[in-house]
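Could you walk me through this structure, starting with one helix and its surroundings? I would like to follow it residue by residue at the bench.

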Amino acid sequence: MAIAAFALLTAASLLPTLLTPIPAMVDYLNHLARMYLLSQIGTPDANPYYEAAWALYPNLAMDMIVPQMARLVGVEDATRLFLLLSQLLIIGGAIALERIVKGYVHIAGFAALMFLYCLPFTWGFVNFEFGLGLALWGVAAYLFVAERTWPTRFAVNLIFVTGLFAAHLFALGVYGATLGLHELWRVRDRKLSYCELALQLVVIATPAVVLLALMQLTTSSIGSEGLTWNLEFKPIWIFRIMNGYNLTVSAATALTLLASLYLAAKRGFLKLTPPGVWLAVGFFLLYLAIPSELRGTSFVDLRLIPAAALIIPAFCSLSLPDRRWTVAALTIASGITLANLATVFVVWLSYRGDYAAIIESFHNIDRGSLVLVATAGNGEDPPFNDLTKYPMVYAPTLAVYYANAFVPNVFTEVGKQPVQVRSAVQRLALPHGGSMPADTLTAIATGRTPPEVPSFVRTWYRDYDYLYVLGQGVTNPMPNLLEELDRSARFVLYKIRRTPLDASSVRIPF
């Protein structure tokens with residue numbers, strides 16, 4: 001019964017990716033735009049505003065894989081297949097880890113399905129998803145050879161550390177933390193001497209240390225500098241993690257899962273093995289200590305939650321007393337999975353028309369133009385009041401392919417992406433993404449420029465040719481400056497006129 005339920009849930013969970021041309025995930029569209037750029041660089045159709053900038057960076061999984069796949073199936077399908085591969089790595093890695101640890105497969109697969117569309121994944125952190133799936137396989141492989149000779153352990157570790165470094169740096173950190181905590185338990189349980197522990201840590205850490213040292217020598221940075229903790233969000237993420245689109249569904253499924261785990265533990269059905277206790281405590285302390293933003297990587301602490309949720313089940317034992325309890329457990333796991341899956345289906349299907357409309361709108365843009373993106377309202381990022389609006393934020397970045405345009409918020413941050421903006425338009429780039437509130441643009445155009453406004457929009461009405469305003473019910477605030485060319489339920493495309501602005505014609509806000 002459990003095998004049949006798992007097989008059906010797995011098939012259903014993969015259907016959104018298989019059936020949707022462009023998944024409605026916020027960062028996914030920006031990554032897709034970069035994949036188009038990488039696939040065209042060096043060809044006659046290459047975008048004139050961007051160039052390749054390969055270096056020993058981490059977080060390059062899709063940048064290395066997708067352009068190669070695109071030669072066979074096209075960029076859009078290759079990017080979607082990369083997402084599907086990432087999902088398969090997550091599910092298969094969780095199962096493989098449990099099989100190595102316990103000798104059988106029991107609950108880890110269901111845990112993977114419940115978290116397959118958790119918040120970090122549905123926001124389009126695809127390199128992290130791929131890297132985390134690879135980390136699960138890496139932990140399983142290392143534990144499989146843990147009792148073998150040190151050259152064997154070193155070889156296995158070297159392979160996965162190299163792959164994880166290229167895939168995603170934080171996934172490499174999860175891999176190292178898991179093995180480190182496991183080895184500390186072995187010392188505590190007297191399965192390992194201190195000398196053996198030292199050798200194990202050398203075997204585990206040496207490849208990563210060498211790669212990080214080489215990176216520091218050959219590149220100037222890893223993304224942006226700085227640390228941000230956002231401690232007030234740490235208690236909240238537990239209830240927002242399960243679903244990236246609907247906070248009610250997320251809270252309900254999280255509470256259901258937590259209550260079920262508590263009940264199972266209280267009755268003695270669910271128990272952590274000794275290494276599982278070390279891992280659970282270690283991940284909890286890491287979650288409390290780790291900043292929310294670390295060297296240009298956002299939501300770092302949030303990403304640790306699905307990592308723990310995919311690893312710890314391999315170190316749990318679940319013994320249900322009878323068929324009634326088994327059916328109840330399967331019902332709960334299936335209900336959580338299907339509730340999140342239904343939300344994904346509704347959101348992804350609702351965006352098919354919007355993405356088709358914005359792609360069609362690119363035909364109204366002269367090739368080689370400069371395109372600015374703004375959001376209606378106050379530009380809150382992310383818009384926590386309605387997460388279903390979030391997948392539209394980076395849709396205009398696809399203009400870099402369909403109109404060979406320049407869009408300032410394409411991800412081109414030095415140390416993170418192997419695509420950079422050419423010097424001619426460097427001052428207009430916003431390499432870490434984001435967009436400007438539309439009312440700020442209105443203020444600038446009418447001579448009321450706020451002092452904190454970034455340089456890339458200070459003279460936007462002279463620098464750019466077109467403006468996308470994202471939102472619903474948008475009206476033209478500057479008829480003398482903006483000519484409406486196209487609109488749908490979620491965006492309006494304007495052409496920016498090269499005429500003096502009559503401030504009396506401005507209506508505020510958007």
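Here is a short tour of a predicted model, taking in a helix, its partners and then a loop.

Let's begin with helix H3, which covers residues 61–73. At 1.5 Å a residue, its 13 residues should span 18 Å, and the end C-alpha atoms are indeed 18 Å apart, so the two figures agree. Along the way H3 has a kink of about 25°, centred on Pro67. Just after the helix comes Gly74, with a positive phi near 90°.

Which residues of H3 are buried? They are Ala61, Met62, Asp63, Val66, Pro67 and Ala70. An α-helix has 3.6 residues a turn, so residues three or four places apart point the same way. The buried residues of H3 pack against four helices: H2 (26–40), H4 (75–102), H7 (126–144) and H8 (150–167).

Take a closer look at H2. Its axis and that of H3 come within 9 Å and cross at roughly 60°, which makes H2 oblique to H3. The contact brings together His31, Arg34, Met35, Leu38 and Ser39 from H2 with Met62, Asp63, Val66, Pro67 and Ala70 from H3. Pro67, the centre of the kink, is thus part of this contact too. As for handedness, the crossing of H2 and H3 is right-handed.

Now move along the chain to His432, found in the loop between strand S7 (419–421) and strand S8 (436–437). Leaving aside neighbours within four places in sequence, His432 is in contact with Tyr394, Phe411 and Glu413. Gln417 sits 15 residues from His432 in sequence, and their C-alpha atoms are 9.9 Å apart in space.

Technical notes. Residues are numbered from 1 along each chain as its sequence is written. This is a predicted model: local features need pLDDT of at least 70, side-chain atom pairs count only at pLDDT 80 or more; totals for chains, interfaces and linings use all residues. Side-chain values use heavy atoms; hydrogens and water are left out. Helices (H or I, at least four residues) and strands (E, at least two) are DSSP runs, numbered from the N terminus. The expected span of a helix is 1.5 Å times one less than its number of residues. The bend at a residue is the angle between axes fitted to the seven residues ending there and the seven starting there. Buried means under 20% relative accessible area, exposed over 50%, partly exposed in between (1.4 Å probe, protein chains only). Contact means heavy atoms within 4.5 Å. Axes are lines fitted to C-alpha atoms, for helices over the stretch in contact, and angles run from 0 to 180 degrees between N-to-C directions. Angles under 35 degrees count as roughly parallel, over 145 as roughly antiparallel, 65 to 115 as roughly perpendicular and the rest as oblique. A crossing is left-handed if the near helix is turned anticlockwise from the far one by less than a right angle, and right-handed if clockwise.
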